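Please look over the structure below before reading on. The report treats one sheet and what packs on it.

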Amino acid sequence: MDKGRIIFLNGVTSSGKTSIVEALQAQDGVFFYVVANDLFQEMVGEKYLRADYWRYLGEAIILMYHTAKLFSDQGKNVLIDGILVEQPSLKPHYGRLADILRDNPLDIVEVACPLEICRQRNIARGDRYEAQSEEQAAMMASGIRYSCRVETDRFTPEQCAKQILAALSLI
């Protein structure tokens, strides 16, 4: 059985990852299961996140990568809606991701958006704090080998989805 493709959408909060996920799932001819930082964070519970946010979120993120691997091993395509940040509980985050998924077809997509636009989106959303994107950008892992890049300030989520599928030869 062929392994499913894993596409990791990497970008700060409010960069447009989830909108691209929705646009990718709306495409004909390719189907993806989705695993997302936000979904796995919800599995932890507020009490523990308040006690030691990065410890528990780090554990959940590593479990998310193993979940993506499980789907891929079963021949299912997977989208990871996440962010590769370096924190003590995850270091070396990019290295750990690459190690867990070393035998699976992994493409990492850089979801780029100017931080000022992300800040404005955070304010409009109301469920993120204003400087959250800037803080995440400062923690972003370095040396990431991207398969392609999309710019959400210049293109709609649907256009970004088509760019990703074309760049990865999925359409």
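What follows describes the sheet, an edge strand and two helices.

This is a predicted model, in which local features need pLDDT of at least 70 and side-chain atom pairs count only at pLDDT 80 or more, while totals for chains, interfaces and linings use all residues. Residues are numbered from 1 along each chain as its sequence is written, and side-chain values use heavy atoms, leaving out hydrogens and water.

Helices (H or I, at least four residues) and strands (E, at least two) are DSSP runs, numbered from the N terminus. The open sheet has 5 strands in the order E2-E3-E1-E4-E5, with parallel pairing; two strands pair if DSSP finds at least two bridges between them. E2 and E5 are the edge strands, each pairing on one side only. From one strand to the next, the twist averages 20°.

Two helices pack on this sheet. Angles run from 0 to 180 degrees between N-to-C directions, with axes as lines fitted to C-alpha atoms, for helices over the stretch in contact. Contact means heavy atoms within 4.5 Å.

| Helix | Strands touched | Angle |
|---|---|---|
| H3 (residues 46-73) | E1, E2 and E3 | about 165° with E3 |
| H7 (residues 157-167) | E1, E4 and E5 | about 170° to E5 |

In H7, the buried residues (under 20% relative accessible area) are Cys-160, Ala-161, Ile-164 and Leu-165. They fall within an arc of 135° seen down the axis of H7, so they line one face of the helix; the arc is that of the directions from the helix axis to the C-beta atoms.

Tyr-33 belongs to strand E2 (residues 33-36). Beyond its neighbours within four places in sequence, Tyr-33 contacts Phe-71, Lys-76, Asn-77, Val-78 and Leu-79.

How values were computed: Buried means under 20% relative accessible area, exposed over 50%, partly exposed in between (1.4 Å probe, protein chains only).
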